[in-house]
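Got a minute to poke around a structure together? Take a look at what follows, and then we'll ask how the labels people put on it are earned.

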Amino acid sequence: MSKAVSIIYQPVEKLETIGPRRAAALNKIGIYKIIDLFYYFPRRYLDRSDIGKIATLKTGQVTTVIGRVVNYEFKRGKRNRFQLYVTDGTSYLTCIWFSKFTYWQRIFKPGEWLALNGKISRYNGFQMVHPEFDRLGDNAEGELVHTGKIIPLYPSSEALTNAGFDSRGFRRIFVKILKIYKDKVEETIPQDIINRQKLIPLSSALENIHFPASVEMLEKAKQRLKFDELFFMELLIALRKNNVTNSSGGIRFKKVGDRVRSLIEKLPFELTDAQKKVIHEIHDDMKSSKPMNRLLQGDVGSGKTIVALITMLIAVENGYQAALMAPTEILAEQHYLTLYETLHHIGVKIILLVGAQNKTERQKVLDDIANQNADIIVGTHALIQENVDFHNLGLVVIDEQHRFGVMQRAKLREKSLNPDVLVMTATPIPRTLSMTVYGDLDVSILNEMPTGRKPIITQWRPNQSRAKIYRFVRDHVAKGAQTYIVFPLVEETEKSDLKAASDSYEKMKGGYFSQFKLGLLHGRMKSEEKESVMATFKAGDIQILISTTVIEVGVDVPNATIMVVEHAERFGITQLHQLRGRVGRGDLQSYCILIGYGRLSAEARKRLDTMASTNDGFKLAEIDLELRGPGEFFGTKQHGLPDLKIANVVKDIQLLRQARKEAFTLVEHDPQLSHEEMLGTRHYFLRNYRDKYDLAWVG
Ligand code: ADP
Ligand code: MG
């Protein structure tokens, strides 16, 4: 980097008007270097570009007037005020302030030129109350900052305002630094892409985003800066993907193995076509010498577990260990039992590792893992702890991957050299967007439910209908249906909500549901207690399970057919869909009843209506995305993706596609970004995305 360029990477304190106190206020909002200021974008704009002559003003019009100060006076009255008289040669304008009299008296000088912007009223001639203004000096040609053009308004806060950074303060700084440092900004996108995409130069975009020369230039500036964000995000994804695909030394799982074939033959059900197809896709990856990095996307109940199980058995048949990581103990336990029941009798050694095991148990488990006394290891995030040493881990499966952060997945992967990785999720992402969020993974989709499933009947009801709902539950349980009743658990008020579940349990047990066998399940129970409750429920010896959201993901009890969600208005669509997914897992007719409390917000109502209208996870995802916006919806941080400040992956989907195409082509031709014309791109990437790239080895 040349010396001339580097000035903008110096701390903001280098600027004349910024001392330690003001710098601290900027640091607080993530602005450290001069260049960071350039990227502090306006929150919106006011168009003050329209300049009017005083003689032709109209009441109610908002406009800018450029005129010379004639004089001023302080007036007493019902409200004291400071009056400033201005003329532009066509007529006179009176400007009025109701406070800070001495201040105004001090700063305005008769004879100086001002640009004033405000709403025109009429009272003995034209007036503006509390106008925005620029002092232009002793002629009309002075610089317009706050008036006379399209004016940026910046996000501010009390702390910023106190340090002089209200919108005016920011404008004053930006005018100065843009002028001095604009040309020091290094171009970030190679010229041929700029030409092809018809983008304006970066320095011009940064100038116009703050001080648009016109509405058209503002649009062009936005377009350019959005493109940059999307381009670098896609570049990150393309480089990650390139890194995985081109790394050699993945494991070749050569054989399928007899035990795999006979297992598939002996399953109590026929695999769906979708399951067969997906197993083939996975197996092809496993056979190749490149490490697998695949996402299995399938709606709740589509049968992902059996796919994982077969995949793991293939690894075992090839002499490797396989690990399965699940987000909750209940789910890990359940997977353990399923695997044990299915694979134990054919000689596969399965082992469970969860946080709750005591020291002796834990040591035995760790020894077994290290000595290859375990073929398949099932666990929670306990699996990624340092003292877990795998013997020869060949395959990693992560269930409900959206529940894990990027770091956790990376750590499990690091437990071995280039293991194959399969991540599974039931949170569908609108198809148009999965290419970005899962851009560096190959994707398999289970788009078919096992045969014989009946669509779940979903309705939502107000709290007042509770008696009726409970009668419905009672009638069905009497006929053999098992039921979940779920209470929300919101973090801040964890205790009181927990109380809601356990209080209701006590009440129902002694009251309305006294003739049935009830169970209680929540996250604070000891592992053994949880296990025993789940086992009893699975065996049918608990008829109604009162629970918190610990059962939200993965739990599989096909005989359970009724799901009642209390305070359903507090849940998001994705969560409700997951909860609903606990029923409808066999061929019995299932019901999901959502109870809303109090007066519902329009949004809550929309969520519940939506839930009642469809069982299709993809449709629900589209609507959820619309309601919550992309940031919330994806958890960009979890996916190791950068936050987007100006672009929006939904609204700017077209631009995203172009940016993606350019980024992927670029990486194909120059994965090191080493070509001469790539220098600026490389610099910018390393400066802003390096930490995210270092997480390259994750799903
Ligand atoms: P999810 O995709 O939500 O993890 P599971 O793997 O838990 O779903 O499967 C849901 C239920 O469907 C389980 O009880 C499982 O045994 C059953 N199942 C899976 N595949 C099939 C199939 N092809 N035919 C019938 N039932 C199946
Ligand atoms: Mg599952």
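Q: Which residues of this predicted model are the closest to ligand 1, and how many surround the ligand?
A: There are 17 residues around ligand 1, and the closest are G301, K304, T305, R453 and R585. To count as near, a residue needs a heavy atom within 4 Å of the ligand.

Q: What makes the pairing of G301 with ligand 1 a polar contact?
A: The cut-off is a pair of N or O atoms within 3.5 Å. In G301 a backbone N or O atom sits 2.6 Å from an oxygen atom of the ligand, so the pair qualifies.

Q: Which other residues have a polar side-chain atom that lies this way beside an oxygen atom of ligand 1?
A: T305 has one at 2.7 Å, and D556 has one at 2.8 Å. As for cover, ligand 1 has 570 Å² of accessible area on its own, and the protein covers 85% of that.

Q: How do you know whether T425 is buried or exposed?
A: Buried means under 20% relative accessible area. T425 comes out at 0%, so T425 is buried. You'll find this residue in strand 14, which runs over residues 420-425.

Q: What does T425 touch, once residues up to four places away in sequence are set aside?
A: T425 touches L295, L296, Q297, G298, K304, Q401, H402 and Y438. One of these, K304, is also among the closest residues to ligand 1.

Q: Why is L353 given its label, buried or exposed?
A: Its relative accessible area is 0%, which is under the 20% cut-off, so L353 is called buried. L353 lies in strand 11, residues 350-353. Not counting residues up to four places away, L353 touches R362, V365, I369, V378, G379, T380, A382, L383 and V388. As for D47, that residue is 306 residues away from L353 along the chain, and their C-alpha atoms are separated by 63 Å.

Q: What makes N27 "partly exposed"?
A: Partly exposed is the band between the 20% mark for buried and the 50% mark for exposed. At 22% relative accessibility N27 falls in that band, so the label fits. N27 is part of helix 2, residues 20-28. Beyond its neighbours within four places in sequence, N27 is in contact with V12 and Y32. From N27 to V473 it is 446 residues in sequence and 57 Å in space, C-alpha to C-alpha.

Q: Why are N124 and K198 called exposed?
A: The label takes over 50% relative accessible area. N124 has 74%, so N124 is exposed. K198 has 74%, so K198 is exposed. N124 sits in the loop between strand 5 (113-122) and strand 6 (126-129), while K198 sits in the loop between helix 7 (191-196) and helix 8 (202-210).

Q: What is the phi of N124, and what is the phi of K198?
A: N124 has a positive phi of about 55° although it is not a glycine. K198, also a residue other than glycine, has a positive phi near 55°.

Q: How do you know that the length of helix 21 agrees with what a helix of twelve residues should span?
A: At 1.5 Å a residue, its twelve residues, 602-613, should span 16 Å. The C-alpha atoms at its ends are 16 Å apart, so the two agree.

Q: Which residues of helix 21 are buried, and how do you know that they line one face?
A: The buried ones are A604, R607, L608, T610 and M611. Seen down the axis of helix 21, the buried residues fall within an arc of 160°, so they line one face. They pack against strand 16 (457-462), helix 20 (573-580), strand 21 (591-596) and helix 22 (617-628). The face turned away from the buried side carries the exposed residues A602 and S613.

Q: What about the chain overall: how many helices and strands are there, and what share of its residues is buried?
A: The chain has 25 helices and 21 strands. Of its 699 residues, 54% are buried. The C-alpha trace spans about 100 × 70 × 45 Å along its principal axes.

Key: Residues are numbered from 1 along each chain as its sequence is written. Chains are lettered from A and ligands numbered from 1 in the order in which they are written. This is a predicted model: local features need pLDDT of at least 70, side-chain atom pairs count only at pLDDT 80 or more; totals for chains, interfaces and linings use all residues. Side-chain values use heavy atoms; hydrogens and water are left out. Helices (H or I, at least four residues) and strands (E, at least two) are DSSP runs, numbered from the N terminus. The expected span of a helix is 1.5 Å times one less than its number of residues. Buried means under 20% relative accessible area, exposed over 50%, partly exposed in between (1.4 Å probe, protein chains only). The arc is that of the directions from the helix axis to the C-beta atoms. Contact means heavy atoms within 4.5 Å. A polar contact is a pair of N or O atoms within 3.5 Å; within protein, one must be able to donate a hydrogen and the other to accept it, and residues adjacent in sequence count only if both atoms are side-chain atoms. Accessible areas come from the Shrake-Rupley method with a 1.4 Å probe; for residues, only the protein chains shown count as cover.
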